[in-house]
Amino acid sequence: MGPVSLLVIGIIAVHCMRILVKCAHHFCRKLQKPFVDYGDAVMYGLEASPVAWLRTHSIWGRHLVSFFLIVTQLGFCCVYFVFLADNLKQVISAANGTTNDCHSNETVVLTPTMDSRLYILSLLPFIVLLVFIRNLKFLSIFSLLANIAMLVSLVMIYQYIVQGIPDPGRLPLVSGWKTYPLFFGTAIFAFEGIGVVLPLENKMKHPQHFPVILYVGMAIVSVLYVSLGALGYLRFGANIQASITLNLPNCWMYQSVKLLYSFGIFFTYALQFYVPAEIIVPCARSRVPERWALAVDLLLRTFLVCLTCVLAILIPRLDIVISLVGSVSSSALALIIPPLLEIFTYFQEGLHPVTVAKDILISLIGFVGFVVGTYEALEALVTTPASPSPVSNATGALVL
C-alpha cells in the first residue's frame, strides 16, 4: 500500500509543480515581468479572481505563501534536529559495545546515555554558528559536501538492506487505516519542494529545458523513496524505526554511515534555514538603523534556530514531527494552493470543466489530508510516549 500510494502522491505533487510553473509563465507574459515567484503568482491569481473580496485582498495571497514557506522550512529544521539527536544518541550509547561484526543488529552492551532532548540542546550552539553563514555561495560548498556524504551513506545503506531479506509473506500488505493520515503527511513532506521550483527555473541557462529536468529529477527521487521504503520494510519488518539509519547494525562500518549521514544533514540545515531567513530577516533589518542591522540579523537568526530547537525538544519523535509538518504546511503549498491558482488564473479565459473538476479534486485531497493528517499527528503526539519508538507499518522506512 505504501509504495503505490507514494507513487500516486508523487505524481500529483509533480503535476502541481507544473501548474505553478505554467501560471507563473502566464503572468510573466501578461505583465511583462522577467520573473514571478510563488507569492507573486498567487497574488496575481487572486487579482484575476471572479470574487471581488479576493481581488481587493490579493496581497494576503503573498503573505499566506510566505507564512507556509516559513513554517515548512522551519519544520524541516526541527526534523533535522531530531534526526541528528537520534543518530548521535544511538552511536554514543553503542560505542563501548560496537563490534566489527556487521551481520548482527545487536551490540555486546548498550551504555546508558542522556535523553534525546539533551542531545538536541547540545547541538544548538553549533547550528547557531552554522546559520551565521549568510552567503549562499559558501552554503553551496557545504551543500556539495553534504550531498557527497549522503550519497556514500545511501549506497552503503542499500547494499546492506538488500542482503538477507526474510520471507515477506509474514508482513501485512496494508496497515490500519488510522496510520494512513500519518503516512500522507510523511509522503507530502518528502515531495514538498514546490517553493524552490520557480527560483531554480529562473537560474537556469536554458529555462525551456526545465520540464524535462523536473520530470527526470522527480522520477529519480521517487524511485529512491519507493525502493528504500519498500526494501527497508521488507528487511527490518513491522518494527522498523522512523529513520532507516536507526535500523542499521551497531558495527563500526554502519556507525560511520550514521555519522556520515548526520554530517550531511547538519550542513543541509543551513540550506533549509536560508529560505525563512531570507523572508524574515530583510523585513526586520529594514525597520532598524543601519548600525543595528547586523546585530538584528544575527539575533533574529539565533532566535529562529532556538525556536526550532525548542519545538524539536517538545516533539522528539521523528515520525510525528515529519507527519505534522507535512500535513500542516506542505500539503497547503504542494496540493491545495496550485490547483486553485490555476482556476483563478485562467478563469476569465475559460477552463475545460474536466480541468476545473481535476483541480478541485486535488485541492480537496490536499485539504482532507491537511485536516485529518494534522489531527492524527497531534493525537499521536498526545497519546504516545515522548521517547523515540518504532513507527507504524504505513510510515516506517519512508523517512529520508
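Let me start with Arg285, which at 27% relative accessibility counts as partly exposed, and please keep in mind throughout that what we have on the screen is a predicted model. The side chain of Arg285 meets that of Asp297 in a salt bridge, with 3.0 Å from N to O. Since Arg285 belongs to helix H10, residues 252-285, and Asp297 to helix H11, residues 290-314, the pair ties together parts that are twelve residues apart in sequence. On the H11 side of this pair the situation is not like that of the arginine, because Asp297 has a relative accessible area of 3%, under the 20% cut-off, and is therefore buried.

Asp297 also forms a salt bridge with Arg301, and here the closest N and O atoms are 2.6 Å apart. These two residues are four apart in helix H11, which means that about one helical turn separates them. As for their surroundings, both Asp297 and Arg301 are buried. So, to put the two pairings side by side, Asp297 meets Arg285 of helix H10 and also Arg301 within helix H11.

While we are on helix H11, let me point out Glu290, which is found in that helix as well. Is Glu290 buried or exposed? At 65% relative accessibility, Glu290 counts as exposed. If you want a sense of distances in the model, Glu290 and Pro166 are 124 residues apart in sequence, and their C-alpha atoms are 64 Å apart in space.

Let me now turn to another salt bridge, again between two helices. Lys358 and Glu342 meet through their side chains, with a distance of 3.3 Å from N to O. Lys358 lies in helix H13, residues 353-383, whereas Glu342 lies in helix H12, residues 318-345, so this pair ties together parts that are 16 residues apart in sequence. With regard to accessibility, Lys358 counts as partly exposed at 24%, while Glu342, at 3%, counts as buried. This pair does not stand alone, for salt bridges that share partners join Lys22, Glu342, Lys358 and Asp359 into one network.

Within that network I would like to look at Asp359, whose place is in helix H13. Asp359 has a relative accessible area of 0% and is therefore buried. Which residues does Asp359 touch, if we do not count those up to four places away in sequence? They are Ile19, Pro339, Glu342 and Ile343. Taking the structure as a whole, a search finds ten salt bridges, and those I have described are among them.

My last topic is the packing of helices, and there I have chosen H2 and H4. Two packed helices are described by the angle between their axes and the distance between the axes. For helix H2, residues 38-47, and helix H4, residues 59-93, the axes come within 7 Å and cross at roughly 150°. As angles over 145 degrees count as roughly antiparallel, H2 and H4 are therefore roughly antiparallel to each other. Their crossing is right-handed. On the H2 side the contact is made by Tyr38, Gly39, Asp40, Val42, Met43 and Leu46, and on the H4 side by Ile59, Gly61, Arg62 and Val65. How do the residues of this contact of H2 with H4 divide into nonpolar, polar and charged? Six are nonpolar, two are polar and two are charged.

Technical notes
Residues are numbered from 1 along each chain as its sequence is written. This is a predicted model: local features need pLDDT of at least 70, side-chain atom pairs count only at pLDDT 80 or more; totals for chains, interfaces and linings use all residues. Side-chain values use heavy atoms; hydrogens and water are left out. Axes are lines fitted to C-alpha atoms, for helices over the stretch in contact, and angles run from 0 to 180 degrees between N-to-C directions. Angles under 35 degrees count as roughly parallel, over 145 as roughly antiparallel, 65 to 115 as roughly perpendicular and the rest as oblique. A crossing is left-handed if the near helix is turned anticlockwise from the far one by less than a right angle, and right-handed if clockwise. Contact means heavy atoms within 4.5 Å. Ala, Val, Leu, Ile, Met, Phe, Trp, Tyr, Cys and Pro count as nonpolar, Asp, Glu, Lys and Arg as charged, and the others, Gly among them, as polar. A salt bridge is a side-chain nitrogen of Lys or Arg within 4 Å of a carboxyl oxygen of Asp or Glu. Buried means under 20% relative accessible area, exposed over 50%, partly exposed in between (1.4 Å probe, protein chains only).
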